[in-house]
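Here are my comments on the model you sent round. Please read them with the coordinates open.

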Number of protein chains: 2
Amino acid sequence: MDISKRPIGIFDSGVGGLTVTKEVINVLPKEDIVYFGDTARVPYGSKSKELVYKFSCEIINFLKQQNVKAIIIACNTVSSNCYEDLKSKFDIPIIEVLNPGVASAIKVTKNKKIGIIGTEATIRSNQYEKKIKDKLKDAKVYSKACPLFVPLAEEGLLEDKITIDVASMYLEELKKYNIDSLILGCTHYPLLKNTIKKVIGEDVTIVDPAFETAIQMKKFLQEKGIENKDGGNHKFYVSDKSDKFDFICSLVLKENHIAEKVSIEK
Amino acid sequence: MDISKRPIGIFDSGVGGLTVTKEVINVLPKEDIVYFGDTARVPYGSKSKELVYKFSCEIINFLKQQNVKAIIIACNTVSSNCYEDLKSKFDIPIIEVLNPGVASAIKVTKNKKIGIIGTEATIRSNQYEKKIKDKLKDAKVYSKACPLFVPLAEEGLLEDKITIDVASMYLEELKKYNIDSLILGCTHYPLLKNTIKKVIGEDVTIVDPAFETAIQMKKFLQEKGIENKDGGNHKFYVSDKSDKFDFICSLVLKENHIAEKVSIEK
């Protein structure tokens with residue numbers, strides 16, 4: 001089979017990666033996509049690095065069976081904790097979401113005070129701060145784990161008063177530091193973007209790594225000459241059946257899909 | 001080995017079952033206990049019945065390897081969705097938490113208006129309502145799923161303002177119905193008891209099935225003549241390592257333990 005015709009694989013712990021998928025569809029409308037959401041084991045962000053690595057290996061093996069030509073880790077917890085290990089283990093091109101997020105933040109910040117929000121595992125890894133300071137030595141970086149944002153997004157409570165209250169609790173601290181940009185360091189968080197914007201204030205630029213990630217995939221396909229010119233099919237798999245996945249999928253992508261349940265555990 | 005010397009097995013999706021364990025320790029201080037918390041796959045309440053059954057089978061097989069003499073399902077999601085199936089599959093005595101909760105509620109209600117809060121899977125199963133009406137035909141039963149309570153409890157946000165706000169959102173509806181008793185239909189919820197009490201009001205009796213469950217185990221052991229007279233060791237296993245588990249364990253049980261990580265997936 002012509003490699004250009006093979007789909008792109010995208011995965012996340014649940015619905016979060018759909019925000020990346022949306023940008024990939026916008027930027028690469030003619031690519032076929034296979035998405036895997038690990039809804040049986042969501043959330044990842046409160047789990048250990050070892051376990052997240054194990055889950056990721058199972059998913060990548062599944063995506064390889066689907067004959068994908070490249071993979072996007074649409075999950076910051078996996079990207080920040082396991083990217084290097086996964087890249088050396090698997091002989092397939094893998095793109096992650098941290099570097100694109102860092103590149104975007106450096107572009108938009110003026111006062112070099114950058115905030116990052118993510119899961120506990122992502123914040124604990126300290127990868128965002130390290131990567132920002134590698135490129136912008138005098139940057140000040142302020143991080144905050146927001147562990148309830150994923151359950152809130154998975155519940156579909158996107159702009160609810162309770163979500164505003166939770167966001168106020170988490171973001172209070174960051175507001176003190178006069179940040180001018182805030183990286184959404186979890187792919188679930190763009191679902192709560194309006195709420196986060198409302199709480200952090202209009203003068204802080206929200207950085208969503210999703211668009212840059214899609215651009216990076218486009219560049220990679222162009223460089224290799226393996227762009228698809230006449231695809232555009234999107235297929236969704238989950239590890240546990242849930243109406244909420246299909247609901248949020250239609251909300252984010254404006255496409256109706258019924259995700260297929262598969263078992264990937266080894 | 002003398003059967004009376006063998007431990008009691010207790011399991012839950014995470015820290016919730018510790019509230020049951022606490023009562024078992026109070027009621028049966030000389031029993032050895034082996035606890036398993038499925039912290040790698042928590043929460044169960046938003047997952048499908050099939051998946052919760054699969055997870056439960058893996059855990060029961062693990063507890064059987066630990067040579068337990070009887071098992072307590074310290075999880076309402078498992079009890080309400082899978083108890084009958086598990087009971088027929090396994091040749092080991094299994095006690096669940098629904099019937100004890102129902103018995104307690106019927107004892108305390110005066111106006112026969114009973115509220116139930118639990119996970120989505122527990123509420124969806126309708127088992128509490130069915131069991132209450134079997135025993136108290138003219139009871140009015142009002143149910144409400146509170147999906148964020150488990151993540152809040154697992155985060156240790158037990159009496160935080162945000163937890164009060166979330167509880168207010170969920171319990172608003174139940175308050176209208178003039179209930180005089182409220183079953184905590186999830187073993188995580190006793191961790192939030194002070195908050196729930198504050199929101200639902202002092203005139204509503206909170207029913208925690210944990211105590212009755214422990215009593216039921218005691219009766220079973222007495223009937224069979226297999227009580228332990230000189231044990232009292234407690235051992236904790238988890239499927240993912242987490243400091244939070246150990247922290248909440250010490251908070252609930254007033255005992256310090258370091259849970260051991262084990263892999264139970266088949």
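The points below concern the pairing of the chains, then one helix and one residue of chain B.

1. This is a predicted model, in which local features need pLDDT of at least 70 and side-chain atom pairs count only at pLDDT 80 or more, whereas totals for chains, interfaces and linings use all residues. Residues are numbered from 1 along each chain as its sequence is written, with chains lettered from A and ligands numbered from 1 in the order in which they are written.

2. A turn of 180° and a shift of 0.0 Å along the axis lay chain B on chain A with an RMSD of 0.0 Å (least squares on the C-alpha atoms of residues with pLDDT of at least 70 in both copies). The two copies are therefore related as by a two-fold rotation axis. The residue of chain B that comes closest to this axis is Arg41(B), whose C-alpha lies at 2.6 Å.

3. The contact takes 16 residues from chain A and 16 residues from chain B, two residues being in contact if their C-beta atoms, placed from the backbone, lie within 7 Å. On the side of chain B that touches chain A, helix H8 (residues 161–175) gives the most, with 4 residues; helices are DSSP runs of H or I with at least four residues, and strands are runs of E with at least two, numbered from the N terminus.

4. In helix H1 (residues 18–27) of chain B, the buried residues are Leu18(B), Thr19(B), Val20(B), Thr21(B), Glu23(B) and Val24(B). Among the elements that cover them are strand E1 (8–12) and helix H10 (210–224) of chain B.

5. Phe220(B) belongs to helix H10 of chain B and is partly exposed, because 16 other C-beta atoms lie within 10 Å (20 or more would make a residue buried, 12 or fewer exposed, and partly exposed lies in between). Beyond its neighbours within four places in sequence, Phe220(B) is in contact with Ala70(B), Pro93(B) and Ile95(B).
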